[in-house]
Each structure stands twice: as C-alpha cells, then as structure tokens.
Amino acid sequence: MRADPAHRRLRPRLPQPAPAGPAPTPAAERDAIRASPADRVRQDLDHLARYGNLGPRLRALHTDPQSLLAKVTGEIEAYWELALALYWARIRAVLDADVLYRARQAAEHGTGHLLNDLHTSLSWDGNALQMARRKQPLTRMAAGTGCC
C-alpha cells in the first residue's frame with residue numbers, strides 16, 4: 001500500500017494511555033504503556049499499516065504486543081536512568097512553570113491569545129487553528145470534542 005503524502009511523516013508510537021493525574025511519574029507512565037491491551041496495540045498498528053508497510057519490528061509488536069511492550073519499556077527505563085533521571089526535577093519545574101504561564105494567558109487573554117503565542121507555525125482566528133504546514137485549517141468541527 002502506498003503512503004498518502006499527507007501521512008508521510010506519520011511515525012509509529014507506543015500506545016499512550018491517558019495519564020492517571022496531572023503529574024504522573026515516569027515509572028507510572030511506563031507501567032501504563034506496558035499494560036496496554038494487546039487489541040489496542042494491534043488496532044494502532046493496523047491504522048499505521050493503512051499508510052504504508054510496517055517494518056519487521058512493528059510486525060513483531062503486532063504479533064506479540066505484551067512481551068515486546070515489556071522489552072521496549074525496559075529500554076525506555078534504561079534511557080531514563082542514563083539520560084534524564086538526574087535532570088528530571090529541573091525539567092519538571094520548567095514544565096510546571098510553563099503550564100502555569102499558559103493557564104494564566106488563557107485566563108487573562110483568552111484561549112485564542114494562548115494559541116497564537118504557542119508557536120509561530122500556529123494561528124487561531126476564532127474558529128479554526130491554522131498550522132503552517134497544513135493546507136486546510138483545523139476547525140472545531142474537524143477536530144472533534146477532544147475526548148475519547
């Protein structure tokens with residue numbers, strides 16, 4: 001199957017279950033990925049397969065999600081320990097400060113101001129979010145409710 005040009009940059013990702021709270025620990029996030037239902041993993045991979053062939057690693061994940069998710073989350077944990085754990089308190093502080101800043105922007109100036117200030121490639125016109133690399137604006141109707 002040939003990839004649709006709009007989805008050429010589509011990259012496989014691990015299932016990302018909704019966090020249990022506003023600041024889950026990295027261990028809780030890994031546990032949630034590891035516990036992803038096999039059917040959900042396969043459904044996500046089937047979706048990716050519609051836009052191109054799955055490579056051998058993703059086909060193996062499709063075949064045996066539970067054991068491979070355990071292996072992948074083990075690798076994520078090793079990376080965490082080597083590259084991020086030492087700096088996590090500072091990273092978390094910056095993230096928390098940014099969330100507070102964005103919430104204050106939305107409260108004082110409205111969501112449109114927040115979206116217009118979020119990144120130079122984004123602009124909000126009151127009804128649609130325009131992304132620089134997207135040909136069509138993302139309207140409220142097209143985006144849906146943002147819920148499950």
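These are my notebook entries on the helix packing and nonpolar core of this chain.

**Entry 1: overall make-up.** I note at the outset that the model is predicted. I counted the secondary structure and found 7 helices and 3 strands. Reading along the sequence, I recorded the order α-α-α-α-α-α-β-β-β-α. I then looked up burial: of the 148 residues, 15% count as buried. The exposed surface of the chain comes to about 11,300 Å², and carbon and sulfur atoms supply 58% of that area. I also checked how contacts are spread over the sequence. Among contacts with a separation of 6 or more, 42% join residues 24 or more positions apart.

**Entry 2: the core.** Which residues make up the largest nonpolar core? I listed 7 residues: Ile-33, Val-41, Leu-45, Leu-48, Leu-54, Leu-61 and Leu-69. Helix H2 gives the most to this core, with 3 residues. I set beside this the general remark that nonpolar side chains tend to be buried together in soluble globular proteins.

**Entry 3: H2 against H4.** I examined helix H2 (residues 38-49) and helix H4 (residues 65-84), whose axes lie 9 Å apart at an angle of about 85 degrees. Because angles from 65 to 115 degrees count as roughly perpendicular, I entered H2 as roughly perpendicular to H4. On the H2 side I found Ala-38, Val-41 and Arg-42, which meet Pro-65, Gln-66 and Leu-69 of H4. By class, this contact holds 4 nonpolar, 1 polar and 1 charged residues. Val-41 and Leu-69 appear in this contact, and both also belong to the largest nonpolar core.

**Entry 4: H3 against H4.** I turned to helix H3 (residues 56-63), whose axis comes within 6 Å of that of H4 and crosses it at roughly 125 degrees. That angle makes H3 oblique to H4. Ala-60, Leu-61, His-62 and Thr-63 of H3 meet Pro-65, Leu-68 and Leu-69 of H4. I sorted the residues of this contact into 5 nonpolar, 2 polar and no charged. Pro-65 and Leu-69 of H4 thus recur, as they meet H2 and also H3.

**Entry 5: H5 against H6.** How do H5 and H6 pack, in angle and in distance between axes? For helix H5 (residues 88-109) and helix H6 (residues 111-118) I noted an angle of about 135 degrees, with the axes 6 Å apart. H5 is therefore oblique to H6. From H5, Tyr-101, Arg-102, Gln-105, Ala-106 and His-109 meet Thr-111, His-113, Leu-114, Asp-117 and Leu-118 of H6. This contact divides into 4 nonpolar, 4 polar and 2 charged residues.

Conventions: Residues are numbered from 1 along each chain as its sequence is written. This is a predicted model: local features need pLDDT of at least 70, side-chain atom pairs count only at pLDDT 80 or more; totals for chains, interfaces and linings use all residues. Side-chain values use heavy atoms; hydrogens and water are left out. Axes are lines fitted to C-alpha atoms, for helices over the stretch in contact, and angles run from 0 to 180 degrees between N-to-C directions. Helices (H or I, at least four residues) and strands (E, at least two) are DSSP runs, numbered from the N terminus. Angles under 35 degrees count as roughly parallel, over 145 as roughly antiparallel, 65 to 115 as roughly perpendicular and the rest as oblique. Contact means heavy atoms within 4.5 Å. Ala, Val, Leu, Ile, Met, Phe, Trp, Tyr, Cys and Pro count as nonpolar, Asp, Glu, Lys and Arg as charged, and the others, Gly among them, as polar. A nonpolar core is a set of buried Ala, Val, Leu, Ile, Met, Phe, Trp, Tyr and Cys residues joined through side-chain atoms within 4.5 Å. Buried means under 20% relative accessible area, exposed over 50%, partly exposed in between (1.4 Å probe, protein chains only). Accessible areas come from the Shrake-Rupley method with a 1.4 Å probe; for residues, only the protein chains shown count as cover.
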